[in-house]
Amino acid sequence: MVIFDRKAEPHTPSLLRELAEKARIIRRDSLIMTTEAGSGHPGGSLSCADILSVLYFHHLRYDPSNPRWEGRDRFILSKGHACPALYSALSLAGFFPREWLRTLRKFGSPLQGHPDSTSTPGVEASTGSLGQGLSIGCGMALAARLDGRDYRVYVLMGDGEMDEGQVWEAAMFAAHQRLDNLVGIVDRNRIQLDGFTEEIVGLEPLAEKWRSFGWNVLEVDGHDLLQVAEALDEAERIKGKPTLILARTVKGKGVSFMENQVKYHGTPLTREELERALKELEG
Amino acid sequence: MRPSASMRETYGRTLAELGEEHPEIVVLDADLSTSTHTSLFARKFPERFFNVGVAEANLMGVAAGLASCGKLPFVSTFSVFATEKGLSQFKQSIAYPNLNVKVVVTHGGLSVGEDGASHFCLWDLAVMRSLPRTTVIVPADAVETEEAVRALVDHRGPAFLRLPRAKTGLVYGEGYTYRGEKLEFRIGESVVLEEGEDATVLAIGPLVVEALEASEALRKEGLRVGVIDVHTLKPLDERTILREASRTGCLVTAEDHSIIGGLGGAVAELLAERRPTPMKRVGVRDEFGKSGPWRELYEAYGLTSRHIQQAVREVREMVR
């Protein structure tokens, strides 16, 4: 057993520096992987890199040598297209060798184009068809309660995904069942495949929507590691209702020419663009 | 008249019994628990029953989450809602990750009767059988329903079991016997009810009784017609079907489902590739269906013993 369990550690400057460095590697990996694969979703991988860093290197409890350890916290990437970032985090956490990252989307690779729980250690749910992750999270949270276990369940959703009716079915259900061991996180980068969320089907006021569905809602800057870490701690203290962390983020965060660009939702960088991007990330 | 019994009542009762010895069983429904009879389980084990409301997508997803944490979810609603509104979730969240979720639906086929076209599900078997990793079962009567539900507890992986709404005639005797002989229900192994020489009828669900009656009637015409209860549509019992195709040289399929893609489709695919054999399909012929008492609908859409008899005569003509 090599259980990773650091959530009690204070949020010191050195911890935050460490998390920032992990987020930088997640961004770097995501860009290299998608360019190498010739397809994939770099923009939304960059927007959630900081959130994944806090989760995997500070907040979640897991055992990379035993991915199915029963006491682990569960993380579901409902916005499955951002799996390059998840794969990077899992490899850094020790679930599988770093070399696997280069095989993303290639035939025979354990790293599928969208998360597959049967082929990648550490992937808790098969996702990719949007809107399904929160329901799965509800089931896991119910199972924890039935078994009297203290593991917690985290579901990272995209904001474009909020268009799906199933999200709101699950939102109502989680509140009705008072699932306080369930945390939803919305990566609010304001861009979906076809354009800006507010131009396609407006979501605002999004926080109010979740509140009215019976959730405890926390709003944070999704690139401020301290705010994300504190919100995750705060969510553990809330009893009787699930918590939704609305994380304001920037699509393509960290690479100047990618930020807020619709194009990079589903288009990988060219080799030349990749070089420029990696230089920026080193800087 | 044969005695009849409700398969969905048997389902609910069996589930409630199984809950006792299997603490891992959890049951989910989408606001139809008094119709699917999962309410019997809910009353006995309220903490292990979850009503998600009128929300079939969430129904499937919650079941997936429970299964991934070691629970054995039985999920129930009408077939039309499970397969038409929960299909994407069944595929992505349950079948693809190979989770141990049992979807037991009621109100399959025209047996729904008066509710009409919006509630008929005449294509669920075609859809579900095309999904990898998914076992598909259609019991013939209430007795076989109990056997099938019990078998699903020991079975690993995603499964879909379809029941009708109506009380339908009994094929089997108490304790899963046929003509006094004790049988054993095995997923993937069909049951030979009547040995035939001149033709074989392969039937599922309430059409098994119709097939038995057709076989009896045709005997008076001097025909020995075999009847097989193909309770597992997937994996299909290819061995038995191919053997019957060789032995009697012509087959009829019978089901309360569209003739496209269900039992008729599955058997036609098998025969075309392995042993081309004349066959006829008894089922709903690419129509939506209208409201009415289910027996009248079976008459109107060609699903009775009389229609099976006619199909046997026609298929016999083809081999002459």
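These legends walk through several close-up views of a predicted model.

**View 1. Seven strands of chain B side by side in an open sheet.**
Reading across the sheet, the strands of chain B come in the order 3-2-4-5-7-6-14. The numbers do not simply count upwards across the sheet, so it helps to trace the order slowly, because strands are numbered from the N terminus. The pairing in this sheet is mixed. At the edges sit strand 3 (49–51) and strand 14 (232–234) of chain B, each pairing on one side only. From one strand to the next, the twist averages 20°. A general point is handy when you look at any strand: in a regular strand, side chains alternate between the two faces of the sheet.

**View 2. Strand 4 of chain B and its two neighbours.**
How many residues of strand 4 (residues 72–78) of chain B are buried? Seven of its seven residues are, so this strand is mostly covered; "buried" means under 20% relative accessible area. Strand 4 of chain B pairs with strand 2 (residues 25–29) of chain B in the parallel sense, over five bridges. Here V26(B) stands opposite P73(B) of strand 4. Five bridges also join strand 4 of chain B to strand 5 of chain B, and these two run parallel. Look for T77(B) in this pairing: its bridge partner in strand 5 of chain B is V105(B).

**View 3. From strand 5 to strand 7 in chain B.**
Stay with V105(B) and move on to the next pairing. Strand 5 (residues 102–106) and strand 7 (residues 159–162) of chain B run parallel and are joined by four bridges. Which residue of strand 7 of chain B is the bridge partner of V105(B)? The partner is R162(B). V105(B) therefore has a named partner in both pairings if you follow "bridge" as the link that pairs strands: T77(B) in strand 4 and R162(B) in strand 7.

**View 4. The largest pocket of the model and its lining.**
Rolling a probe the size of a water molecule over the atoms shows where empty space is left. The largest pocket has a volume of about 530 Å³. Its lining is made of 30 residues, and those nearest the centre are A67(B), S68(B), C69(B), G70(B) and L99(B). Which helix gives the largest share of the lining? Helix 4 (residues 56–68) of chain B does, with three residues. By residue type, the lining divides into 10 nonpolar, 10 polar and 10 charged residues.

**View 5. Two cysteines of chain A that are not in a disulfide.**
The count of disulfides over all chains comes to zero. For C48(A), the nearest cysteine sulfur is that of C83(A), 10.0 Å away. Looking from the other side, the nearest cysteine sulfur to C83(A) is that of C48(A). A disulfide needs the two sulfur atoms within 2.5 Å, which is why this pair does not count as one. Are these cysteines buried or exposed? C48(A) counts as buried because its relative accessibility is 0%, and C83(A) counts as buried because its value is 1%.

**View 6. Two cis peptide bonds, one in each of chains A and B.**
Most peptide bonds are trans, and most residues other than glycine have a negative phi. In chain A, the bond from E204(A) to P205(A) is cis, with omega near 0°. P205(A) lies in the loop between helix 7 (197–200) and helix 8 of chain A. In chain B, a cis peptide bond joins K234(B) and P235(B), with omega about 0°. P235(B) is in the loop between strand 14 and helix 10 (238–248) of chain B.

**View 7. Two residues with a positive phi, R178(A) and Y176(B).**
R178(A) is not a glycine, yet its phi is near 55°. This arginine is found in the loop between helix 6 (165–176) and strand 3 (182–188) of chain A, and it counts as exposed because its relative accessibility is 52%. Y176(B) also has a positive phi, about 60°. Its place is the loop between strand 8 (167–169) and strand 9 (177–178) of chain B. Y176(B) counts as buried because its relative accessibility is 0%.

Terms used:
Residues numbered from 1 in each chain as written. Chains lettered and ligands numbered in written order. Predicted model: local features only at pLDDT ≥ 70, side-chain atom pairs only at ≥ 80, totals over all residues. Heavy atoms only, no water. 1 Å grid on protein atoms, 1.4 Å probe; cavity = no way out; pocket = protein on both sides within 12 Å on 5 of 7 lines; lining within 4 Å. Points joined across faces, edges and corners; volume = space filled by probe spheres on them. Nonpolar A, V, L, I, M, F, W, Y, C, P; charged D, E, K, R; others polar. Axes fitted to C-alpha atoms, helices over the stretch in contact; angles between N-to-C directions. Buried < 20%, exposed > 50% of the residue type's maximum accessible area, 1.4 Å probe, protein only.
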